[in-house]
Amino acid sequence: MSDIGRGAGTRVAALEERLGDPWDPANPAGFAAIVAADEHEETPEGGRTALDDFGILAEFVPSALGGRLERVDHLVELMRSVYRRDPSLGLGHCSSSLLGAVNVWTAGSAEQRRYAAGLLLAGEKISCAFHELAHGNDIGSVEFAATPADGRLVLNGRKESITNLDRADAVVFLARTDPDGGPRSSSQLFVPVSDLAPERIQFLPRFRSVGMRGVRLGGISLDHCPIDASKLLGAPGTGMDTVARAFQLTRIALPAMSTAMLDTALRVTLHHVRGRRLYGRGVADIPMVRTTLANAFADLLLCEAFAAIAARSLHMLPELGSVYAPAVKYLLAGFLLDAVEQLSLVMGAEFYRRDGEHAVFQKMARDIKPVAFGHIARAACLSAMLPQLPVLARRAWRDAAPAPAALFIADGELPPLDLSGLRVVVGRQDGLTGTLRAALDDDFPASLRPLVEAHAQRLGSLAEACAALRPRDLSIAASVEVRDLAAAYASVLAAAACVGTWRHATPGGFLSRPEWLAAALTRLTGRALGRPADVPTDVEEVLIDELLDRHDRSLGFGVSVHRYR
């Protein structure tokens, strides 16, 4: 039944064993401890200890540097086990270090990479200090400055709303190094905290939040703080170029990890409705409830299928990360937020409870909100995709070859990950759209062909519209109609990923059945047209049966099926 890669599955099982049964009220890493810690705006000590004993930060270190990072899709699957328990633990104790480290792996010198690897392998943290509240996601407008003086760099300015800044052992800063501005005015710095003169820095009070309350968001103010010029990360002026390449990984991986929150929300909802009766019948048998559950299950499957293919594309199709990464972030955030909101309607009054066995639901409902704006906002994702659409429309979509089969297979062979080789702008071929076009030649079941054809036709219409775009249409001030083209492209990519996943699924496994693909393509069509679409009636029962079977056997609800403690 499993479609998870064997290598990832072994490590996931080991981590699940270490974290223990989430429903056990005595488990220091269980839901009860997690909710209790969240009430105090912290993460559970037992969870932190379990992750440290597992050596979780080694997962972010490339194997060539002594760590365990070889495949992005395997990293995502492992981290979902953490996010299923506590997203604050996943981001605050773990993934925040990935945000800083990927910049070092992308642009750092051999010495900087070794130093960063040593920190993470020792369980120490790296913070990523890019954002300033005055500029939000517009990190290219930073005011934080690194000014050359007497052979050194002098730091001035503030960084705010930064994860783990007060607990970090090293910080990756994005700083303005050219006061005249321009595209090469910013650089990155990789600085051990011990190198910052204590009398020149001030840690700002903690920023508190409604969701992810256990994540420590802080700030720092530096006043004429000197550092050695060797702390530059990459060449001067290449800060934004490094961001554009390094964050292709995190803009795929972090939303992909966040699907675990929907898994838990769906699991808690099932636990609730299967034990409750209304109007003389079990709540789980009410048609509206069953439809909502089936829709959420379909949404989870399509999100994870798209994310898995995008993660593998960083290895196999690195020239496409500049459009695949923002597409994943944009589409997954929308589906995940809507699905949890619909499940909250099924939960009813239980949705609000901050105590009892279902209290973790309200935490997940709050913690999932930042997926829409954290790291990069959904609107910014569309802005990142827009300038690349005319190039794709004119060069790639009409004659693109299908993506390699290994892209869709959990155990398919992948080239080594090379972050420094990722491109800032898209290449000439789009393998996923090629896969969608090639699929029209397949012998599809009658229930699937119209759905596949509809998405292929949408791609054709999209190509015509995008080829006609003018430079003035592609700015941050683009009209709603133009921005909708980028959203439509994200939907087409997700449809292609689902089709490829179905075509190459393990025979006899659930992903080889046409029903889940019909459900996924229906949900994608509804979103593309702006009209929510329930899964087809004849498909709903198949999805519900699979969902209940996995629930009974404590198996994951996503594309990768493994035992969920």
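# Exercises on a predicted model

Alanine 296 is found in helix H8. The structure is a predicted model, and the exercises below start from this residue and its helix.

**Exercise 1.** Work out whether alanine 296 is buried or exposed, and state which residues it touches.

Solution. Step 1: take the relative accessibility of alanine 296, which is 3%. Step 2: compare this value with the cut-off, since buried means under 20% relative accessible area. Step 3: alanine 296 therefore counts as buried. Step 4: look for its contacts, leaving out residues up to four places away in sequence; alanine 296 touches Leu262, Leu266 and Leu343. Step 5: for a distance, take valine 328, which is 32 residues from alanine 296 along the chain; their C-alpha atoms are separated by 18 Å.

**Exercise 2.** Check the length of helix H8 against the expected span, and decide how far the helix is enclosed.

Solution. Step 1: helix H8 covers residues 287–316, which makes 30 residues. Step 2: at 1.5 Å a residue, H8 should span 44 Å. Step 3: the end C-alpha atoms of H8 are 43 Å apart, which agrees with the expected span. Step 4: 27 of the 30 residues of H8 are buried, so the helix is largely enclosed by the rest of the structure.

**Exercise 3.** Place alanine 518 in the secondary structure and describe its surroundings.

Solution. Step 1: alanine 518 belongs to helix H16, residues 514–528. Step 2: its relative accessible area is 4%, so alanine 518 is buried. Step 3: not counting residues up to four places away in sequence, alanine 518 touches Leu448, Leu451, Pro536 and Val539. Step 4: proline 507 lies 11 residues from alanine 518 along the chain, and the C-alpha atoms of the two are separated by 17 Å.

**Exercise 4.** Classify glutamate 464 as buried or exposed, and give its distance from leucine 511.

Solution. Step 1: glutamate 464 lies in helix H14, residues 449–467. Step 2: the relative accessible area of glutamate 464 is 58%. Step 3: exposed means over 50%, so glutamate 464 is exposed. Step 4: glutamate 464 and leucine 511 are 47 residues apart in sequence, and from C-alpha to C-alpha they are 33 Å apart in space.

**Exercise 5.** Examine phi, location and accessibility for aspartate 150 and serine 161.

Solution. Step 1: recall the general rule that most residues other than glycine have a negative phi. Step 2: phi of aspartate 150 is near 55 degrees, a positive value in a residue that is not glycine. Step 3: aspartate 150 sits in the loop between strand S2 (145–149) and strand S3 (152–163), and at 81% relative accessibility it counts as exposed. Step 4: serine 161 is not a glycine either, yet its phi is positive at about 55 degrees. Step 5: serine 161 lies in strand S3, and with a relative accessible area of 30% it is partly exposed.

**Exercise 6.** Describe the chain as a whole, and decide how compact it is for 565 residues.

Solution. Step 1: the secondary structure comes to 17 helices and 10 strands. Step 2: the radius of gyration is 23 Å, close to the 24 Å that the globule rule gives for 565 residues, so the chain is as compact as a globular protein of that length. Step 3: along the principal axes, the C-alpha atoms fill a box of roughly 75 × 60 × 40 Å. Step 4: of the 565 residues, 61% count as buried. Step 5: among contacts between residues at least 6 apart in sequence, 77% join residues at least 24 apart. Step 6: the accessible surface comes to about 21,200 Å², and 52% of this belongs to carbon and sulfur atoms. Step 7: the chain has 60 positive and 66 negative charges, and their mean positions are 2 Å apart.

Notes:
Residues are numbered from 1 along each chain as its sequence is written. This is a predicted model: local features need pLDDT of at least 70, side-chain atom pairs count only at pLDDT 80 or more; totals for chains, interfaces and linings use all residues. Side-chain values use heavy atoms; hydrogens and water are left out. Helices (H or I, at least four residues) and strands (E, at least two) are DSSP runs, numbered from the N terminus. The radius of gyration is taken over C-alpha atoms; the globule rule is 2.2 Å times the number of residues to the power 0.38. Buried means under 20% relative accessible area, exposed over 50%, partly exposed in between (1.4 Å probe, protein chains only). Contact means heavy atoms within 4.5 Å. Accessible areas come from the Shrake-Rupley method with a 1.4 Å probe; for residues, only the protein chains shown count as cover. Lys and Arg count as positive and Asp and Glu as negative; His and the chain ends are not counted. The place of a charge is taken as NZ of Lys, CZ of Arg, CG of Asp or CD of Glu. The expected span of a helix is 1.5 Å times one less than its number of residues.
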